[in-house]
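Grab a coffee and open the viewer: here are a few exercises to work through at your own pace. Try each task before you read its solution.

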Amino acid sequence: MDHLMPRAAVVDGLGSCLPDRPVTNADLESFLPTSDQWIRQRTGIASRYWVAPGTGTGDLAVAAGRAALESSGQLGADLVILATTTPDHPCPATSPDVASRLGLGNIPAFDLSAVCSGFVYGLSMARAAIRSGQHSRVLLIAADTYSTIINKGDRATAVIFGDGAGAVTVRSGDPGEPGELLDAHLGSEGEHAGLIGITAGGSRMPDPVNAVDPGDRYFRMQGSQVYRHAVQRMTESSRTVMRRMRWSPGDIRAFIAHQANQRILDAVGDRLGIPPGRRLGNIHKVGNTAAASIPLAFAAAASENIVPAGSMTLFTAFGGGLTWGTVALTWPQIAQAKTLHLAETGALPAPTAK
Ligand code: UT7
């Protein structure tokens, strides 16, 4: 590349991974006071996947990362970002282990904690890392296993969340290439931090076993309040990026919003005026997979070849923190975007980095 040309950050690889075990609404009916009808009507979810005991976020992250590297045709990277709020351990970060298991060498690797906005935050960071010239190829993985932090007896969260991982590779390229990350807008509002999260297990209340309220050890969410913030923030942030890009709703060929709840997706899409056929997603099959939800929908759509490379694309997300963000890009040229199930990945031997 001519060193005088501005660097562009270009998505050139995409992959994802789901656990092997689907958990249907009928399965949930067997141990929770809920119904298939309530879950479908209120959330649009029919099934989701939960990891088997002992499987960690890092296992899904390695499989998704590997699928993304393979789909790009280039097995190396010089930075790994893992967006997750369910790391394998409180300390250290999961990403160095993931980078090592992928055979990527002694490259920098860090976890990014932005709850369900993690993938969009990560895309923004990857874009900046490449455009600054500090890195030339970033592996961004978004992986979460909320089944490990929810109280499976709490119907307010257990019916919504699923586990999964999605990943992209972002490389230095030329402006105008399909997959270029064109703009990013991020935001946060900490005064509402208490609406989503886990109270115990951090520095303020280190010992969850001795917490006054046993529920403090689990992930909790004030659902209906979060719902309103999610619709408002994803709509506003998308409008900001559309205005900056000078994109009208009819220009957008692919719109993927964080798959929190089908009703939220409908409300955001309707407010923005995005035609329903251009709103992509698979929440009915995977549930709310937190940071992984956008790349899981992205990989599913890419594998169906329904969006032409170069099409105007918008991703928008909202999550705990509160955090939110939107990224504008063009649809990448992806030879093969795979969604693997964990069992298909075998023993996950590390690939040889080029
Ligand atoms: O991903 C990060 C951000 N997260 C989100 O954006 C999630 C946002 N929130 C939501 O998606 C929705 O608020 C929920 C799906 C969590 C809940 O849906 P809702 O329509 O807001 O229900 P609600 O909490 O207002 O409850 C309505 C009724 C209540 O009964 P009453 O008081 O009307 O008799 C609940 O007790 O539905 C009841 N209910 C259930 N019934 C059957 C709540 N959960 C369930 C359930 N099964 N799982």
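**Exercise 1. Find which helix gives the largest share of the shell around the ligand.**

Solution. Start with helix 7, which supplies five residues, the largest share of the shell around the ligand. Keep in mind that you're looking at a predicted model. Next, pick out the helices that each bring at least two shell residues: helix 2 (36-43), helix 7 (223-245) and helix 8 (262-272). Then sort the shell by class, and you get 11 nonpolar, seven polar and three charged residues.

**Exercise 2. Work out where the ligand lies relative to domain 1 and domain 2.**

Solution. First mark domain 1 (2-179 + 337-345) and domain 2 (185-280 + 310-330). Both of them give residues to the shell, so the ligand lies between them. Now look at the pockets: the ligand sits in the second largest one.

**Exercise 3. List the residues that come nearest to the ligand, then look for side chains with a polar atom close to a ligand oxygen, using a cut-off of 3.5 Å.**

Solution. Step one: 21 residues surround the ligand, and T34, R42, N261, R263 and N288 come nearest. Step two: check the distances.

- N288 has a polar side-chain atom 2.7 Å from an oxygen atom of the ligand.
- For R155, a polar side-chain atom lies 2.8 Å from a ligand oxygen.
- In W38, an N or O atom of the side chain is 3.2 Å from an oxygen atom of the ligand.

Step three: see how much of the ligand is covered. On its own the ligand has 950 Å² of accessible area, and the protein covers 71% of that.

**Exercise 4. Track down two cis peptide bonds and a positive phi in a residue other than glycine.**

Solution. Here's the background: most residues other than glycine have a negative phi, and most peptide bonds are trans. Begin with C91 and P92, which are joined by a cis peptide bond with omega about 0°. P92 lies in the loop between strand 4 (79-83) and helix 4 (95-101). Move on to G321 and L322, where the bond is also cis, with omega about -10°. You'll find L322 in the loop that runs between strand 12 (312-319) and strand 13 (323-330). Finish with A290, whose phi is near 55°. A290 is in the loop between helix 9 (283-286) and helix 10 (293-303).

Terms used
Residues numbered from 1 in each chain as written. Predicted model: local features only at pLDDT ≥ 70, side-chain atom pairs only at ≥ 80, totals over all residues. Heavy atoms only, no water. Near = heavy atom within 4 Å. Polar contact = N/O pair within 3.5 Å; in protein donor to acceptor, adjacent residues only side chain to side chain. Areas by Shrake-Rupley, 256 points an atom, 1.4 Å probe, with all protein chains shown as cover. 1 Å grid on protein atoms, 1.4 Å probe; cavity = no way out; pocket = protein on both sides within 12 Å on 5 of 7 lines; lining within 4 Å. Sits in = over half its atoms within 2 Å of the grid points. Helix = DSSP H or I, 4+ residues; strand = E, 2+ residues; numbered from the N terminus. Nonpolar A, V, L, I, M, F, W, Y, C, P; charged D, E, K, R; others polar. Domains from an automatic or database assignment.
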